[in-house]
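User: Please examine the model shown here and answer some questions on its confidence, fold and packing.

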Amino acid sequence: MTARIEISKDTATPAIRKASDALRADGLRLMLSDIGEYLMRATRDRGAREVAPDGTPWAALSPAYKKYKDRKRPGVPKLRFDFHMQGDQLAHQVAGDTLYVGTNAKYGAIHQFGGDIDRPARSTLAYFKRDRDGSVGSKFVPMKQSNFAQWVTVPAYKIRMPARPWLGLSSEDEQEVIAIASDHLAGLFSE
């Protein structure tokens, strides 16, 4: 005894046409929106682990900046990009048949691609500690510890920011995107 299923263009065409019509209506937008939600979660998870989409660790902070961050925000992960990895600034948008995932945060692109940040010259009030003999130390101190302040000009300088890619798809993300799309398409054929 044999079993046989025969599919011809007469039986397949109506099902394909129905699925295609559903994708043109709302199906594609819903599928892309689900993919966008997944990618936002995956991006945040990678950010918490401080790794690029390919799994490589992000470049470490410079020693001087690490020391500054340790003093300013003890206990906070050193490379956490709060401004574009958390909250409302990481977003996805479906426009037509395109899904966009990204941030409107000012520093999102420089972290993704790296580059130079130009800091212009500026005047600022610097705080120092004056010793009992009247001499002023050469190191800046916090305002609360200061007993002497002086206006200084800080010359222009550049900050070289290494790339720390955070947007993109890992191989696991690619598999999940395919699974989400497959689930949506399977649902269109079963209706």
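The questions and answers below begin with confidence and end with the nonpolar cores.

Analyst: This is a predicted model, in which local features need pLDDT of at least 70, side-chain atom pairs count only at pLDDT 80 or more, and totals for chains, interfaces and linings use all residues. Residues are numbered from 1 along each chain as its sequence is written, and side-chain values use heavy atoms, with hydrogens and water left out.

User: In which element is confidence lowest?

Analyst: pLDDT is the predictor's confidence in each residue, from 0 to 100. Its mean over the chain is 81. Strand β3 (residues 115-119) has the highest value, 93, whereas the lowest, a mean of 52, belongs to helix α3 (residues 82-85).

User: What pattern does the chain follow along the sequence?

Analyst: Helices (H or I, at least four residues) and strands (E, at least two) are DSSP runs, numbered from the N terminus. The chain has five helices and six strands. Read in order, the pattern is α-α-α-β-β-α-β-β-β-β-α.

User: Which element gives the most residues to the largest nonpolar core?

Analyst: A nonpolar core is a set of buried (under 20% relative accessible area, 1.4 Å probe, protein chains only) Ala, Val, Leu, Ile, Met, Phe, Trp, Tyr and Cys residues joined through side-chain atoms within 4.5 Å. The largest has eight residues, including M31, Y38 and V177. Two or more residues come from each of α1 (9-49) and α5 (171-190). The greatest contribution, five residues, is that of α1.

User: Which residues does I35 touch, leaving out those up to four places away in sequence?

Analyst: Contact means heavy atoms within 4.5 Å. I35 is itself one of the residues of the largest core. With those sequence neighbours not counted, I35 touches L99, V177 and I180.

How values were computed: Buried < 20%, exposed > 50% of the residue type's maximum accessible area, 1.4 Å probe, protein only.
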